[in-house]
Amino acid sequence: MKTFDYTVKGQSGIHARPAVKLAMESKKYNSKILIFLDGKIADASDVMAIMEMNIKLGDIIRVEMTGTDEELAYKDLRNFLLNNLSN
């Protein structure tokens, strides 16, 4: 299992469009990828579950990967969040 924390920098948080991008990116991996925020848990490949978390600017989410390609998912998802969801 690999985990990292990410502080949401996008003005709108992780709403519809960023949630779709994140879910699509998460589906590239065999590992189970979960997002945690304030006691809530969402499957990172499920757009509706991500949106239901109501992730806002400044929130710190924890991303957890477990599976055969967790190292690759860890590296790629960290880069994805930093480079694609920061505006």
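In the predicted model, Asp-38 is exposed, with a relative accessible area of 69%. The cut-off for this class is a relative accessible area over 50%, so Asp-38 counts as exposed at its value of 69%. Asp-38 lies in the loop between E2 and strand E3, the latter spanning residues 40-43. The backbone at this position has a positive phi of about 50 degrees, although Asp-38 is not a glycine.

The loop that holds Asp-38 belongs to a hairpin formed by E2 and E3, with two residues between the strands. The pairing of E2 with E3 is antiparallel and extends over four bridges. One residue of the bridged pairs is Leu-37, whose bridge partner in E3 is Lys-40. Within this hairpin, the positive phi near 50 degrees is taken by Asp-38.

A positive phi is also found at Asn-54, where the value is about 55 degrees, and this residue is not a glycine either. Asn-54 is placed in the loop between H2 and E4. With a relative accessibility of 46%, Asn-54 is classed as partly exposed. This class lies between the limits of 20% and 50%, so the value of 46% for Asn-54 falls inside it.

The interior of the model was examined next. The largest nonpolar core consists of 26 residues, and Ile-55 and Ile-61 are those with the most contacts inside it. Two or more residues of this core come from each of strand E1 (2-7), helix H1 (16-26), strand E2 (32-37), helix H2 (47-52), strand E4 (60-66) and helix H3 (70-84). H3 supplies the largest share, five residues. In soluble globular proteins, nonpolar side chains tend to be buried together.

The surroundings of Ile-55 were then listed, leaving out residues up to four places away in sequence. Ile-55 touches Ile-14, Ile-35, Ile-50 and Ile-61, and its contacts also include Val-8 and Leu-37. Ser-12 and Gly-13 are touched by Ile-55 as well. Leu-37, one of these contacts, is the residue bridged to Lys-40 in the hairpin described above.

A further residue considered is Met-24, which is located in helix H1. H1 is among the elements that give two or more residues to the largest nonpolar core, but Met-24 itself is exposed, at 56% relative accessibility. Because a core residue must be buried, Met-24 is not part of a nonpolar core. Met-24 and Ser-45 are 21 residues apart along the chain, and their C-alpha atoms are separated by 6.6 Å.

Key. Residues are numbered from 1 along each chain as its sequence is written. This is a predicted model: local features need pLDDT of at least 70, side-chain atom pairs count only at pLDDT 80 or more; totals for chains, interfaces and linings use all residues. Side-chain values use heavy atoms; hydrogens and water are left out. A nonpolar core is a set of buried Ala, Val, Leu, Ile, Met, Phe, Trp, Tyr and Cys residues joined through side-chain atoms within 4.5 Å. Buried means under 20% relative accessible area, exposed over 50%, partly exposed in between (1.4 Å probe, protein chains only). Contact means heavy atoms within 4.5 Å. Two strands pair if DSSP finds at least two bridges between them.
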